[in-house]
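Thanks for coming, everyone. Let's take a short tour of one structure. Please have a look at it now.

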Amino acid sequence: MPRRADLGSVLVLAGSEADLAAGAAEACRTLTRQGLRTVLLGSDAALLAAGADAAHTAYAEPLTPWFVEQIIARERPDVVLAGLGGSAARQVVRALCSAGVHEKYDVEFIGESGGEFSSAPMAPAPLGWREFDLQVLYDRHGGVQVLCIAERVDAAGAGALCTVTPPQTPTAPQLRRLTDLARATVRARPAGTGVLSVRIALGPDGRRPALVGPRPGDPWTVPPAVTADGRALGGLIARLALGESVAELGLAADRPGLVTVTVPRLGQGAGTVTARGATFRDSFNKALEQAVPAEGAAPWSGPAGDPAALLAALRVPAPDRIATVVRALVAGAEPADIARTSGIHPWFLTELSALRRTATDLGHARPLDQHVLLRAKREGFGDRRIAALSGLPEQVVRAVRHAIGLRPAHPATHTARTSVYMPDATLAPDAIGRTSITGPLGTTGRDRGVVVVLGPGAWAGEGADHSCREAALALRAAGWAPVLVASDPRTLSATRGAFERGYLEPLTAEAVLEVMAAERRAGAVDALLGQFGGAAAAALARELRDGGAPLSDLSAPVPDLVTGPEALGRALAGAGLRTAARRTAASLPEALAAAGELGYPVLVTFPHASGRPARSAVADAAGLTHLLHGCPADRPVLVERDLRACVELGVDALYDGQELVLASVYEFLDGDHGDAPVCALPPLSIGSGGVARLAGASARAARALGVRGALSVRFASAGDVLYVREVVPGTAHTAPFTTAATRVPLAQAGARVAMGAGLAALRAEGLLPPDGLRAAAATDERVFLRAGRDGTNGDGGALAAGPEFGTAYAKYLIGSHGSLPTKGRVGLRATGHDLRSLILPARRLTCYGFELFADGDTFGALRRAGVPVTALSGAGHPEPPVVRLLRAGQLDLVLSAPGPAGDRDEAAAVHAAAARQGVPCFTSVRSLSAVVQAIGAVLDDRIQVAPLHERDRHRSLWQPARTGHDLEEKR
């Protein structure tokens, strides 16, 4: 069935759920290639930065019915693709249909079907049952294709579980029962198109498949951007929505013979790690090695523990229970006992027991036995782990491996190449030929050689993926053949089509050097770029350079910045730059000593924050002791002098060794603290003189560190004193925000500079603005805001824009909270110097008609200033009065700013209660002042929609002649 010929334009709604931004960008590219004029609505900065080449017009607006209707009225699309908008898009479509918007504007909603979206977790399976997730592609005519089947290794666990693709334990008849039930489930749903994840459980006898979800009438699940084995879905969803059938997509069944395993990231908050190998043992071991934090206990080694205690722990489902299984095996627990306790299939425990035996043999091999080494490499043990288990230096292990010709093969799949030590490899004299053949990589057909680009060490969100994609596009345009090394299939999916080829590998020196060797056997390798791989790539810089890799953009001092926070001060001292005094503490006594040396108040940063703010201020030793209570002993923290009274600023810049160009200058509205720090571009507190001062300091920092390419610098400004808080060589998490706001292709220019191009040459090409500071001033007519999601700093973040600050902040609040109250009740709590600053925004709130409630010093300060306020009483009640009002639904807005010496337990309770009630809660008086400006913008009716960028001037290149009704007549 051909694509519908009556369509000329489409509005794509992009959701904020994980992975949906990457899927929406791929859908826009697919629709544009189909000849449609594509309009994009989203708030993710990485998605909007990609919109320059993915869509004709992009809007950075909240995904609400009012904003979507305004864009429909302005753009008049033929259809609205809601299939990649997640739960918010579903609610918007339902509201617009109820209001008759589709009839009013003659627009059709496609790519979605009956029922509601849901991301609620399904209940774990009973002990002894196996669970399988089947990702099914379906069209409106009943066509169905099962794309991927993932087996849950720990079906009775909880949270982010360990999965393997393809399934390892079911027989062929059992697989047929699973796929038949999945197809029947999809066909029983209301008509529609897209991707559905179906979970099916298989009883102990293997004969009774049972549907876990979604059952008939249950909510739909949010469609993912990629399958479990890395196949991109955004473009497929778009093509199905346009009327193509599943059969017309031409998706051949992929049977690469490789195994993909995903495990939860252990002790580092939410997230997963994915690895691919020749066998389950190979891929599981690779994934487990990446899942353990660098300072944590290494897999298959360390203290054994008590088998009985570990077996007892396995009775409780937990997200990281697979790590407890590994520790139990190391401690000597029997696989049969683990199977009875946990319900994990005995086949998996047999495989894990084999890994434990190999680890034990490595520990007993003196000298290193070549056959044990071969077995270890087949089973996914890295050189570093083998060295730790055998007591040898890693360089010796690598030398032995190379001497016997033990090199990995790199077979290709539909998504990427992966290093494997083939099961039939031997140590015969021709072993080099049998184990190192990668298969034909093919000629690039380009004037220049290969440039290998390192992706992030762990999936860091769409922001890092966007930077990798942009770098590849710039390298291709300049004649190089870019090759990507990525540790997650989502990065490979998001960059599909930009790189000549990709490798799914853990970001280790061994893996990168083996990729370099494979590429060199196929042709010339001109350079290795690490600036897009974040801290993980920077930490490898010295080791890669020692291994002979032509690393062109990360200098010798860079690894020290990652491994030792104090190194920044030493590196910048010669450049005349000040840094905030800081110390690393691995225990509470060390943290107390560091704080005593620096002087209270201090800031404490948790590098792997989980269940706590990423950065907290403490006023005394008691507060520090309370904050670190229960913190894991193997998780060091960073203690630094509190600079929260300073103005927090940041710049994204480019440096070519001689000249520095500022791409953006932004200011953090609440420092860089809290769960979602918000920054504004252009900055609110400095002018052109301050911008020039930041440019000079950034140039000195880049020169001192030997950076070549992109860099991000964080500053704290206190009057005439400027502190350097952080220097990130390469594209930081703000890069997509900078690109979307200023239209300066930061990642593209960074890649070109790293390959030797000067900034003057890039200006002559038109890649950069003619004036070096023009980019930073190009946003004078609009204000852009970025907020990181859930405290993460690796994603693109949410973006909002407006003609002035109040409008932009109102859009941000509406997008993050769903609405912005313009009347009602406000609970206030502040301390110390904040009390004076609170008077003005509190008075403005009363002018807007809000009723204020406060207690203690806050009530007294407002009453003395003549601000109408009602006193709150907490006498005789165990919980704070603000929490009681929140529980009763009697507050619409909350300020909870306890200060460094405040009651953190009370502040945490207020935050939790506000989150449960969906009430906006702010942590500083400065944030409340921004809210007041946003409320004023709403009340004054200053909220309007406007495109972030338009490519309509290229319409003759992108849009063919229309058929059917005339587009201009419809407008």
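This is a predicted model. Let's start with the largest nonpolar core, which has 64 residues. Which two residues touch the most other members? They are Tyr809 and Leu828. And which helix gives the most to this core? That is helix 36, with eight residues.

Now zoom in on Tyr809. Set aside its neighbours within four places in sequence. Tyr809 is then in contact with Leu669, Val678, Leu785 and Phe922. Ser927, Ala930, Val931 and Ala934 are also in contact with Tyr809. Apart from this core lies another one, of 50 residues. Among them are Ala25, Ala60, Val79 and Leu240. Here is some background: in soluble globular proteins, nonpolar side chains tend to be buried together.

Next, the sheet. Five strands form an open sheet with parallel pairing. The order is 33-32-31-34-35. Which strands are at the edges? Strand 33 (870-871) and strand 35 (921-922), and each pairs on one side only. Strand 31, residues 825-829, pairs with strand 34, residues 893-896, over four bridges. Look for Arg829: it stands opposite Ser896 in strand 34. Helix 36, residues 925-939, packs on this sheet. Helix 36 touches strand 31, strand 34 and strand 35. Its direction makes about 160° with that of strand 34.

On to a pair of helices. Helix 12 (residues 346-364) and helix 14 (residues 383-390) have axes that come within 7 Å. They cross at roughly 60°, so helix 12 is oblique to helix 14. Who makes the contact? From helix 12, Ala359, Leu362 and Gly363. From helix 14, Ile386, Leu389 and Ser390. By class, that contact has four nonpolar, two polar and no charged residues.

Last, some backbone details. Most residues other than glycine have a negative phi, and most peptide bonds are trans. Where are the exceptions here? A cis peptide bond joins Thr165 and Pro166, with omega about 0°. Pro166 sits in the loop between strand 9 and helix 6. The bond from Leu681 to Pro682 is cis too, with omega near 0°. Pro682 lies in the loop between strand 26 and helix 26.

Then phi. Arg76 has a positive phi, near 50°, and is found in the loop between helix 3 and strand 4. Asp106 has a positive phi of about 50°, in the loop between helix 5 and strand 5. Are they buried or exposed? Arg76 is partly exposed, at 22% relative accessible area. Asp106 counts as exposed, at 54%.

Technical notes
Residues are numbered from 1 along each chain as its sequence is written. This is a predicted model: local features need pLDDT of at least 70, side-chain atom pairs count only at pLDDT 80 or more; totals for chains, interfaces and linings use all residues. Side-chain values use heavy atoms; hydrogens and water are left out. Axes are lines fitted to C-alpha atoms, for helices over the stretch in contact, and angles run from 0 to 180 degrees between N-to-C directions. Helices (H or I, at least four residues) and strands (E, at least two) are DSSP runs, numbered from the N terminus. Angles under 35 degrees count as roughly parallel, over 145 as roughly antiparallel, 65 to 115 as roughly perpendicular and the rest as oblique. Contact means heavy atoms within 4.5 Å. Ala, Val, Leu, Ile, Met, Phe, Trp, Tyr, Cys and Pro count as nonpolar, Asp, Glu, Lys and Arg as charged, and the others, Gly among them, as polar. Two strands pair if DSSP finds at least two bridges between them. A nonpolar core is a set of buried Ala, Val, Leu, Ile, Met, Phe, Trp, Tyr and Cys residues joined through side-chain atoms within 4.5 Å. Buried means under 20% relative accessible area, exposed over 50%, partly exposed in between (1.4 Å probe, protein chains only).
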